[in-house]
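Me: I'd like to walk through a protein model with you, one question at a time. Could you show it first?

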Amino acid sequence: MKSSHPPHTTLYKPVFVARQAIYQEDQKLWGHELLFRSGNANSMSPDNDPEMATASVITDGLAISEVRRDPDHKVLINFPPRLLLQDGAFALPKDTCIIEILETIQPEPETINAIRRLKEAGYTLALDDFTGNPAFDVLIDIVDIVKVDVLELSPTQIICIGQKYAGRSKLLAEKVETDLVHSLTRSLGFTLFQGFYFSKPIMETGRTIPTGSIMHLRLINELNAPDCDLNSLSRLISQDPGLSYRLLKYINSAAYTFNARVESISAAVILMGCEPLRHWLMVVGLTNLISHDKAQDVLSCSVIRGRFLELACEAGLIGSTKPGSMFMLGLFSSLDVILNQSMEHIVPHLALNETIEKALCGQRNQARNWLDLTLAIETGDWATVTATLRGSKIKENQLASLHARATIWAREILVSS
């Protein structure tokens with residue numbers, strides 16, 4: 001694709017996530033636990049903030065991980081105390097994701113109430129790294145799964161836990177490293193198993209786009225309004241290429257099981273609804289604490305392109321293509337630069353209509369011709385503009401006026417984001 005930006009500019013933020021398989025008694029795959037990683041070393045630095053780690057897994061880890069090819073497989077995600085108390089777990093779909101309550105939590109009234117809210121909402125809950133501490137019995141009576149850290153326990157301790165809790169909750173033996181421990185836990189009524197004996201975590205990497213913190217505040221304010229307007233939300237999200245990309249990728253990922261692909265921001269907003277979207281946006285905000293000043297120029301150009309193509313469509317210059325689709329074409333036209341990946345790799349995650357997908361990948365069609373025309377106007381290549389318009393009734397000054405309107409609109413929108 002023709003672009004005024006250097007091809008090796010890296011405006012993306014790398015994402016690292018590992019997944020470890022969980023098996024049933026018959027050693028059939030039951031699901032995966034998703035684990036935040038600090039980098040390619042497949043480990044988490046002790047300096048990493050646990051809230052940031054979980055936020056990264058929620059907002060981007062689910063989308064880059066191929067964890068649920070089978071709709072019956074579950075996904076476990078760790079939730080540290082603070083994020084649990086902030087109701088961050090409500091950002092996840094309850095039919096596919098299991099909330100894993102970390103062992104660092106304290107079984108205090110506020111915490112128990114937060115866990116009960118999730119339970120009453122229909123979420124499946126797991127207690128992580130349990131070693132037999134009776135102080136957690138109040139939580140065991142609420143959760144569905146108890147993960148027992150067998151590596152930290154002696155055979156006698158494992159037997160005591162099995163005898164005491166097997167009838168109260170589903171027991172999962174984690175950190176299983178030997179056949180002896182596997183056999184022992186099975187005999188005690190454990191029904192789920194995880195550990196190096198079966199498989200080590202598999203690293204997966206991806207990239208995401210930084211989004212504006214002030215834009216998040218505007219969105220959350222809109223979401224918190226008594227008369228939450230989904231159309232207004234769609235417009236706000238559409239002004240941010242990074243947020244739009246992440247939302248479409250997320251809602252078309254393994255986290256959801258819609259029968260058809262979600263092809264627009266407005267459809268994604270309606271399907272998620274105000275409350276899940278509010279929680280998702282709050283979690284996204286935690287992942288954007290690093291400044292990405294270099295991204296502003298590319299993001300600004302993308303928004304201008306999208307608005308220009310939308311205006312041209314509304315003016316009846318682009319045939320039968322919908323204005324919203326043309327806006328998405330312009331908005332996502334620099335994703336290859338932002339993510340430093342090919343459009344062929346990016347486009348399958350976006351679930352756009354076929355015409356827009358082909359245009360983004362450089363295949364010649366009406367939408368692609370208009371995108372190239374937009375790029376020519378953007379760079380002042382009026383010789384190309386004149387040659388492209390030859391034989392049509394469209395005037396150069398008409399396009400220049402639309403582009404000026406798009407530029408003013410984009411600047412007003414982006415001035416605070």
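Here are some questions on this predicted model, each with a short answer.

Me: How many helices and strands does the chain have?
Reply: Happy to start with the overall picture. The chain runs to 417 residues, and 54% of them count as buried. Its secondary structure consists of 19 helices and nine strands.

Me: Among contacts between residues at least 6 apart in sequence, what share joins residues at least 24 apart?
Reply: Good thing to ask of a fold. Taking contacts in the chain between residues at least 6 apart in sequence, the share that joins residues at least 24 apart is 66%.

Me: How much of the exposed area do carbon and sulfur atoms supply?
Reply: Let's begin with the total. The chain exposes about 18100 Å². Of that area, the part supplied by carbon and sulfur atoms is 51%.

Me: Is Thr374 buried or exposed, and why?
Reply: Thr374 has its place in helix 17, residues 366-378. Its relative accessible area is 0%, and buried means under 20%, so Thr374 is buried.

Me: Which residues is Thr374 in contact with, leaving aside its neighbours within four places in sequence?
Reply: A distance along the chain helps here. Thr374 and Gly306 are 68 residues apart along the chain, yet their C-alpha atoms are separated by 9.4 Å. With neighbours within four places in sequence set aside, the contacts of Thr374 are Arg305, Phe308 and Leu309.

Me: Which elements give two or more residues to the lining of the second largest pocket?
Reply: This pocket holds about 500 Å³ of space. Its lining has 21 residues, and Ser238, Glu310, Gly324, Phe327 and Met328 lie nearest the centre. The elements that give two or more residues to this lining are helix 8 (230-238), helix 10 (265-272), helix 12 (295-314) and helix 13 (323-331).

Me: How many polar residues are in the lining of the second largest pocket?
Reply: Sorting the lining by class settles this one. Six residues are nonpolar and six are charged. The number of polar residues is nine.

Me: What kind of aromatic pair do Phe193 and Phe198 form?
Reply: The whole structure has five aromatic pairs. In this one, the rings lie 6.3 Å centre to centre, with 40° between the planes. Planes under 30 degrees apart would count as stacked and over 60 as edge-to-face, so the pair is tilted.

Me: Which residues do ring pairs link into a cluster?
Reply: Phe193 and Phe198 are a good place to begin, and both are buried. The cluster linked by ring pairs consists of Tyr23, Phe193, Tyr197 and Phe198.

How values were computed:
Residues numbered from 1 in each chain as written. Predicted model: local features only at pLDDT ≥ 70, side-chain atom pairs only at ≥ 80, totals over all residues. Heavy atoms only, no water. 1 Å grid on protein atoms, 1.4 Å probe; cavity = no way out; pocket = protein on both sides within 12 Å on 5 of 7 lines; lining within 4 Å. Points joined across faces, edges and corners; volume = space filled by probe spheres on them. Helix = DSSP H or I, 4+ residues; strand = E, 2+ residues; numbered from the N terminus. Nonpolar A, V, L, I, M, F, W, Y, C, P; charged D, E, K, R; others polar. Phe/Tyr/Trp six-rings, centres within 6.5 Å; stacked < 30°, edge-to-face > 60°. Buried < 20%, exposed > 50% of the residue type's maximum accessible area, 1.4 Å probe, protein only. Contact = heavy atoms within 4.5 Å. Areas by Shrake-Rupley, 256 points an atom, 1.4 Å probe, with all protein chains shown as cover.
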